[in-house]
Amino acid sequence: MMKTIEVPVSGMSCAACAVSVESTLKQTPGIQSAQVNYATQSATLVLDEAKTDLNQAKKNVHEIGYELLIELHEKENVEELQKLAHRQLRKNTIAAGILAFPVFIIGMFWMSLPYGNWIMWVLTTPVLFIFGRTFFINAYKQSKAKKANMDTLVALSTGIAYGYSTFNTFFPQWLEARGLDPHVYFETAAVIVFFILLGRMLESGAKAGTSEALKKLIGLQPKELTLVKDGKEMLVPVSEAGTGDIVLVKPGQKIPLDGMVTEGESFVDESMLSGEPIPVTKQPGDEVFAGTINQKGSFQFSVSKTAADTLLASIITRVKQAQGSKAPIQKMVDKVTAVFVPAVLVVALITFLVWAFSGIDDAALRGMLSAITVLVIACPCALGLATPTAIMVGIGKAASMGILIKDAESLETGKKTDVLLLDKTGTITMGKPKVKEVIWQKEVDDNKLQSVFQALESRSEHPLATAIAQHFNPSKSRLPFTNFQSATGKGVQAVHEGITYRIGTLKWLKSEGIMVQESFIQAGEKMLENGDIVVYMAEEKTLVGMVGIADQVREDSREAIASIQKMGIAVHMLTGDQEKTAAAVAAAVGIKKFQSGMLPQDKGKYIQALKKQGHVVAMAGDGINDSEALVLADLGIAMGAGTDIAMETAKATLMHSSLMDIPKLLQLSKDTVSTIRQNLFWAFIYNVIGIPLAAGVLYPVSGFLLNPMIAGAAMALSSVSVVSNSLRLKFKNQTKI
């Protein structure tokens, strides 16, 4: 019987590692297919249960240096294991840096320091074999599997440089007797290990906490619910409730499952699904969804979907799948490394053999020195620094502007973006309903009516009532009312000084016998055309005023959208709101293309359709309802005033919640990617020129042979040039960004 399972994998430090694990798993009998995801540190296996021995698969993976965590308790603790690994890597990096710094100073500037070689040997030894031991362990395991990766080159170059330097420290007379200087290259070995550890630490930190968004989504669903059976209330686990069971939801509680209201009335906050700030009226026959929040009323509902099938559960599944589909960071560098590493090893071996059989004096010694020089100068120090240093500066600069970016992939994607999707509520708009306009009958005393309706709305439970009460001078004292009544989803009424006042929908007021003037109907229709929600006010049987309520557009939204469009990026708006409101907001901010009435899955499908057309899509949103879209987009951007889940899911967060930060982010992305490409270019050019020189290609022509010491200095210089180029980002004119 075929079965699909997901198993955590630990120990992967680059995309090449995922490829190695995947190929090993595919060779295990019974496993039909294996897909290893570096970003989620997991393997999805399709296997025949009868023919597959997972313990054998685990053993095979272990032999090449990784761990397949098949045990249940390991699955539960995998996230904690990853966090522990990150903390350990950070400690190793800091310790290696502290020891490598004095070694670098002595090796480059204080070479004549008494006992300098011994001091460097003492400091370098723990850098390599304690804090950088994973390079040697992984290289050994890779060699057993007849494979090579970045660890192989790091281990070989640092190991040979260290071994050669150690020999010259203990036995300097051996080379001196042959007329050669016993140079040491401890600083090369120590600095290489530190810089590569630094790159690994930055990448590990970017991946840390990738499951936090999923954990928070799962946390939205209560673990227990109140089941009603035979008139009795019982508190039971959510997993025990089945379809058709009756569940009681009290004020302030989260709704545990999807279902249909059977008894009672209330308002439910569904912003996690729709993104809209106004709670929805729920009456018998209306649907309710897991994870949404009940307001002030109580109601009962009949369960229509169990925990595994709810709308919230489907969002969790889609977010998890979307996260798993992300391409690993530094994929291009890893691809190049897959060819670069074995090529360098072959060049070093050929260099040694050519020299050894050249027939010149000390041929074998010169061959060994040239081979070491090749490995030292080819060590991927500049290559390892090219991306992390630019990312460090770019992310630091973004943070100073109030933009938090999670990883290198986000910055690279920003440069390629050609379509930006904006959620309406909380992104283009403030996300809070406010009174936009009030119209009174000319002959009424609006000052008195303001006080009356403010006091009346302050007693209402309706979410729009708060906006009206705050607009009508909330500092006024509460007026006395009698016979206060609330009609759910319709309005409220009460008596003050013998006069009945009502505030609510036009349909309800008409049903109460209120006379409505034609001029008021036209004014109300105009508000509705503008996308406003209209609430009507009546005194006795006369309509005396109306209030237009809308979610206010952010002050800088139009300017920001115009700036983005000038960059050649198309801007679309997606919203769960009605079409008239969406059209009004889109027109106000200069967006020509928009989609209204969209559920979370609709936004996801819209993004996938754009991506199939070849577009690189960025998505900006602020709510839980945007979480799937933020992950599916090539670049997810969360507003800082939004939900924690949106911020965890997105790759960038705008702490100021200003759309003006989006063009800044996109420009910074262009500058950072440009810097990374420059760094990679110089790192590779350095190797293209340096490796032949190190091998001695000019020796037959000019007698020039590159000294390993110069090679070490050149390697350090290449690293300094990469770092310096990255630091230029820090001083770029911010008005341009």
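This tour goes through one sheet and several aromatic contacts in a predicted model.

**The sheet**

Start by selecting the open sheet of six strands, whose order is β6-β5-β7-β13-β8-β11 with antiparallel pairing. Colour residues 232-237 (β6) and 287-288 (β11): these strands stand at the edges with a single partner strand each, so one side of each has no neighbour in the sheet.

Next, select residues 258-264 and 299-305. These are strands β8 and β13, paired in the antiparallel sense over six bridges. To find one register point, pick Glu263, whose bridge partner in β13 is Gln300.

**The tryptophans of α4**

Leave the sheet and turn to the rings; the structure holds 15 aromatic pairs. One of them is Trp118 with Trp121, an edge-to-face pair with 6.5 Å centre to centre and 80° between the planes. Select helix α4, residues 116-131: both tryptophans lie in this helix, three residues apart, about one turn. Trp118 counts as partly exposed at 37% relative accessibility, and Trp121 also counts as partly exposed, at 23%.

Now extend the selection to Phe167, Phe170, Phe171 and Trp174, which form one aromatic cluster with Trp118 and Trp121.

**Phe453 and Tyr501**

Finally, select Phe453 and Tyr501. Their ring centres are 5.9 Å apart and their planes stand at 90°, so this pair is edge-to-face. Show helix α17 (residues 446-457), which holds Phe453, and strand β19 (residues 499-504), which holds Tyr501; the pair links distant parts of the chain, 48 residues apart. Are these two residues buried or exposed? Phe453 and Tyr501 are both buried.

Terms used. Residues numbered from 1 in each chain as written. Predicted model: local features only at pLDDT ≥ 70, side-chain atom pairs only at ≥ 80, totals over all residues. Heavy atoms only, no water. Pairing = 2+ DSSP bridges. Helix = DSSP H or I, 4+ residues; strand = E, 2+ residues; numbered from the N terminus. Phe/Tyr/Trp six-rings, centres within 6.5 Å; stacked < 30°, edge-to-face > 60°. Buried < 20%, exposed > 50% of the residue type's maximum accessible area, 1.4 Å probe, protein only.
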